[in-house]
Amino acid sequence: MSLKKVAGIIVMTCFLVHVGHAQAQEGLQTYFSEVASKVKAMDDPAEKREVTAKSLQTMAEAVDRVQRSRMISKEDRARLEQLKATVQDKQDELAGLNGFERVPDGQLNAFVDYVVQDMEQAERTITISLVAALLIVIILILIV
Amino acid sequence: MHDKPNGSNTSVTQLPAMPVGGITCVALGLFLFSCAPTRPFQPVTSLTADAAPPPRYSITYVIHGDGNYLYHDTGGSKHRADEEALTRAASVATRNPHAEVLIFHQRPKRRLLWLFSPFRDGTFYYYRHGQLLDKVSYRRNRGQTRFDPEVELYNQYHLEGQPQQVRLFLYFGHEIPELDGSGYDASYKTWSFTIDDLAGGLSSLARHSTRFDLVVLSTCFNGTPHTVGALAPYTRYIIASPGNLHLSYYDLRPLEQLDVGLRDGDVSTFATQLARHAFDRLTQDVQTEITAAVYDVDRVEGYLDTVDDVYESALARLGGEARPPPERFDCAEDPAYVSNGMADGVTVFFRASRFGREKNKATHSGWECTR
């Protein structure tokens, strides 16, 4: 392989790692924001509820799979447990389970905004590694 | 699209595909450029030879942008919290004809091909009498302590005003940790930044006169006994959030008309108006909890003395490695922190989260504790 090609591969690898970092951070935040936009564009409350519930379930599954991965450290596993609990609370509130009042139909738009804002804040307090964040984003892309 | 301050140029340059030789030339050029003398630390005599009267107000902004500051509004649009804070700060600077405004924007360090960083990662803007007089790029990793570069620039540019000059300090960023501040800066993982570092920076800035009149912490979870106690020697009033603060931050638009807001020189009333405005603005779009508290530093000292031992013991227990993130709660929920003077000197604007387990919470003491 020529020196030129080796240099090109190194440059490309650096570029992809850089893009991957940015994508991982933004991907998680953008996921719920896109769901919120979709839900708010709907008229039927049953449909809104279903899409919101499905998106939370997808996130819970993605976090669960990453948590079981061998690539994840013990510390990350503990933080992912917290993230999972945060998502679970939202699933319970939407459905009215585990001591939560069910979110009324008329408040579903406000609820998806709450999910976006609370998850963005949770991401700042529950700091997961780049590897964990990347894996969640990849799994989200594969599941959705 | 958000306007940037005049002459601002903080966008990231994308490297186009180019041959290795071209990349080497660019890298070498940037390396040599990076070795050039740094302009900001030269004297600025032209700025001090100003015929206009000295400024009545001095406002210092520190805007931290070296981390994940992305958020989405309710319309689904992406925003960069630090860029928005910078835009608002510039608006305050240009609308106050009797103020000097010093803005420090701490940006992520950019590397060239992962090898070295020829780029400066701080930008300083100096406004006086509504005009942008200077804009300077600087390196944040100069000096022994965290705020050395900012303190040096402040000393160089700050103009002592009238004897009654009102001095404000505003910090925008993520929660400033009380313990283990490592990782606060995404670009400098080994750096630590805690509230004691900020207090050290304020100490260096405050030596020009007495205390600041008002410090605003537009951050999460800094309305705590430890944080207020740490900053107390350097300011008369503090605005901070004991809970989570949405990244759209406190909207401090009343700062745009200081001649009106501070007409009587009454900082206490102005701070309360500022906090109320910020609170009202956040309640329009934010569904999570909103809290804005104003602390009259001299009046809260009694309460701080009462809870100091309990709070510091709790912090000490949280130290150490591999601990889970601390649990936060309203200090009023733990009898160890409740005392008769708890509400003295604190004005709280609170609205519970619209959803979640705390949605029926009616009040907040204005003090956040950890365990």
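Before anything else, a note to self on angles: axes are lines fitted to C-alpha atoms, for helices over the stretch in contact, and an angle runs from 0 to 180 degrees between N-to-C directions. I should also keep in mind that this is a predicted model.

**Entry 1: helix 9 of chain B.** I looked up what helix 9 (residues 297–318) packs on. This helix of chain B lies across strand 9 (235–240), strand 10 (290–296) and strand 12. Against strand 10 of chain B, helix 9 runs at about 100 degrees.

**Entry 2: the sheet.** Next I traced the strands under that helix. They belong to an open sheet of nine strands in chain B, ordered 6-5-4-1-7-8-9-10-12, and the pairing is mixed. I found strand 6 at one edge and strand 12 (346–351) at the other, each pairing on one side only. From one strand to the next the twist averages 10 degrees.

I then picked one pair to follow. Strand 1 (residues 57–64) and strand 4 (residues 99–106) of chain B pair in the parallel sense, over eight bridges. Which residue of strand 4 is the bridge partner of Val62(B)? I got Phe104(B).

**Entry 3: cores.** I went after the nonpolar packing. The largest nonpolar core has 89 residues, and Ile103(B), Ile238(B) and Ile239(B) have the most contacts inside it. Helix 8 (residues 267–285) of chain B gives this core its largest share, eight residues. There is a second, separate core of 31 residues, and I noted Val103(A), Val115(A), Ile128(A) and Ala133(A) among its members.

I checked the surroundings of Ile238(B) too. Beyond its neighbours within four places in sequence, Ile238(B) is in contact with Val215(B), Leu217(B), Val228(B), Leu231(B), Tyr295(B) and Val297(B).

**Entry 4: Gly143(B).** I wanted a loop residue for contrast. Gly143(B) sits in the loop between strand 6 (131–138) and helix 4 (148–157) of chain B. Why does Gly143(B) count as partly exposed? I count 13 other C-beta atoms within 10 Å of Gly143(B). Being buried takes 20 or more and being exposed takes 12 or fewer, so a residue in between is partly exposed. Leaving out neighbours within four places in sequence, I have Gly143(B) in contact with Asp148(B) and Pro149(B).

**Entry 5: chain B overall.** Last, I pulled the totals. Chain B has nine helices and 13 strands. Of its 371 residues, 41% count as buried. I also looked at contacts in chain B between residues at least 6 apart in sequence: 72% of them join residues at least 24 apart.

Key:
Residues are numbered from 1 along each chain as its sequence is written. Chains are lettered from A and ligands numbered from 1 in the order in which they are written. This is a predicted model: local features need pLDDT of at least 70, side-chain atom pairs count only at pLDDT 80 or more; totals for chains, interfaces and linings use all residues. Helices (H or I, at least four residues) and strands (E, at least two) are DSSP runs, numbered from the N terminus. Two residues are in contact if their C-beta atoms, placed from the backbone, lie within 7 Å. A nonpolar core is a set of buried Ala, Val, Leu, Ile, Met, Phe, Trp, Tyr and Cys residues joined through C-beta atoms within 7 Å. Two strands pair if DSSP finds at least two bridges between them.
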